[in-house]
Amino acid sequence: MTSKLSSPFCPWATRRLMAGSGESVQRLELAILIVILIVATVLRTWGLESAPPGLTHDEASNGHDAAGVLEGVRPIYFTVGYGHEPLYPYSVALLMALLGPTAIALRLTTVIWGLIVIVLSYALARRLFGPLTALLTAASMALSFWCVMTSRVGLRAITATATFAASAYSFWRAFDLSDSKPAQTAGHRWIWWSLSGVFLGASIYTYMASRAMPAVYLAFLGYLFVLHVVARSRARRENPPDEPVQPASAQGGQGSESLKSRPESGEMISILARGGEGATLFQENWIGIALLLLIAALVASPLVNYLITHPEAEQRIGQLGTPLRQALRGDFRGLWDHVMGSLPMFTFQGDPLWLYNIPGRPLLDLTVGAFFYGGLLVCLWHLRSPRTTFLLLWLIVGVSPALATGPDATTLRSIAAQPAVFMTASLGLATLIRYLHEHSGPWGQIATVGAVGMLFAVTGVRTAYAYFDVWAEHRDVRVAYHHALVKQAHYLDTHPEAGTVSFSSIYPGRFHDPYSMEVSLDREDLSLRWFDGRFALVIPSANESRVLIPSIAPLDEVFEPMFEPHASLMHTEYFRPDDLVTHFDVYQLDGAGALTTVLLTVEDSLVSWSRADAFPIAAPQFVYEPLAPPVEVGGVVSLLGYDLRTPALEPGEEVELLTVWRVRDRFAPEAVAFTHVLNHEGRVIGQLDRLDVPSWHWEEGDVFVQLHRFPIDSDTPPGLYPVQVGMYDREGSERLPVLVDGARVDDRILLHPLEVGRP
């Protein structure tokens, strides 16, 4: 087989790659690759603890899952949030076993995956197109803003790129052995086919976008079949039945090189026209491709079976798949809009979200984008080459998830195509370099090398500036990565006091700020509580505790009489003036004093229950049955009392109610508190269903106050109206029972009626 160094895409490489013998060229190539990887490592690890400036909730979920793996929780699919595949959390767990369950371990895992992607892309590009294109590919990926971004965040998408690149490399190791002596290579080919299938199957365990990638091999098999049919048809036309078809190696020596030695385009067409090679490629490889697809299916089958039998585990499919479902019904408008909105992502208009991009920044800058389009022309010119066709198929299939789901988050959803994008761009640049070297003297060649070096230097500087000085410092990025929460964790790490700490947060839910704090906090001796101070207040059972309140989640004024007399300000930490979260305060709370004040507020509470579905207009209490506070609900919480702060109001005005609850036990499902104002027929005329002290974080003995503020219907006639409260499980919407001496009496608690007057 002809050496890869003599590929038509860089035929000058053996003579011009810094000159010297083949061994010296290889040493130089290795040295350049090492320098590229060093630069890539620096760009991916520099300031990793502060850029990104915090953690997204998705990153925190991955960190939580990885820590769970170390503790023995090892599912085949993680159902946290919208659900995600397991390969990345398991790989994070490996590094956490060495470094501990920290955010740095999470991010370093992504860095390692990103470097693996560069090495695999280099190896594959070298096998397909030679060392020059391979080095250009590695350098482009090392310095690209897109690649740097996806290699520094703790997200699983990068694993899809690595696994498919490994599958593609193994595939071409097998494919390139098809023209060698079968006795020497048959065993090796089957090993490489099998490895390709294993990596392809493993990609299903990485990221949702990877599920499209088997289509690359299916389409490539179809391409080889077309070559087979065309070649055999031409052979029959050019070789009458009385003239047997001669193998390519017997036709005047002109076809003695296999297709995999990459002849020039004209020679390639000639070979295909003679009918030998086009037919042989399909015949020699279709069984291997079928084998790799079969192995991939076997490797992927456990996860596929889980997702089929647990369709509720994967919520993102339902959210993103609407245009595809519409297209299957014959309505292509939504899909067309998404495709047209995403197509400019390469060079014109990129991901509009600050989360993973400078809004609007395309995946490729102007220069690399020009080479990308040049590379596309090179691939189209050599369309009869299996190598360039495979690259095009990879590119098309890899970006299809981004095209189908719209321009948002294209930075991640097109990530499976990342190596193909940069190989295409490098192919265009390598073709230009080859042309300039062949048509210029020594000084022109030196100028070409200098220009290429300058191009990459400028690209690296621009990427560093865009990432560290623009993106990582922007206010919206600091908000998206919850920098204030990370600062709160740092404060607690640097202050050794143990005990109970309560956090006011706009994201107190199970999968949100609590997971971010879990990954960010480097200590385990604190008992944490979570609430949204705009709508609730927690009073821990501990007599003394600390409360952290950021400016984005201040206490509602209704809680001030319960909190301020019993809280002393310990510390205020300010952030940048332009930050959305400008500061956070740390208070020391006297829990016993605060609880006394709260209980005095609700000591005259009258509560009831009723079997009635309708209520007398003039006196709804007529059908009430009295209850004695505290009232047990579901065995997990008790209503201590309430304060109906608006006992009388006009139609359309807001009800303001405080309910006070004591936790009896943690409630693993998500509990929701409901408050309904009913008319005499039992129909709801005003309601609020929410709970701002998540039941996952309840601790026995804690007391919390929930604020219910909502309007009643503007056409409500004057009269007395029942008010009912209670709890239900969000997932099944089943109300928790009201218990008296352990026996169920109702599923609601009736409060004092609300009086609506005339407007």
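This report describes one helix, one helix pair and one loop residue of a predicted model. Local features need pLDDT of at least 70 and side-chain atom pairs count only at pLDDT 80 or more, while totals for chains, interfaces and linings use all residues. Residues are numbered from 1 along each chain as its sequence is written, and side-chain values use heavy atoms, with hydrogens and water left out.

Helices (H or I, at least four residues) and strands (E, at least two) are DSSP runs, numbered from the N terminus. Helix H4 (residues 87–99) has 13 residues and reaches 19 Å from its first C-alpha to its last, close to the 18 Å expected at 1.5 Å a residue, where the expected span is 1.5 Å times one less than the number of residues. Among the buried residues of H4 (under 20% relative accessible area, 1.4 Å probe, protein chains only) are Tyr88, Val92 and Met96. The buried residues of H4 pack against H3, H5 and H8, and the helix is followed by Gly100, whose phi is positive, near 95°.

The axes of H6 and H20, as lines fitted to C-alpha atoms over the stretch in contact, come within 9 Å and cross at roughly 25°; the two helices are therefore roughly parallel, a term for angles under 35 degrees. Their contact (heavy atoms within 4.5 Å) is made by these residues.

| Helix | Contact residues |
|---|---|
| H6 | Leu136, Ala139, Ser140, Leu143 |
| H20 | Val452, Phe456, Thr459, Gly460, Thr463 |

Ala628 lies in the loop between strand S8 (625–627) and strand S9 (631–633), and is exposed (over 50%), with a relative accessible area of 58%.

Key. Axes fitted to C-alpha atoms, helices over the stretch in contact; angles between N-to-C directions. Parallel < 35°, antiparallel > 145°, perpendicular 65-115°, else oblique.
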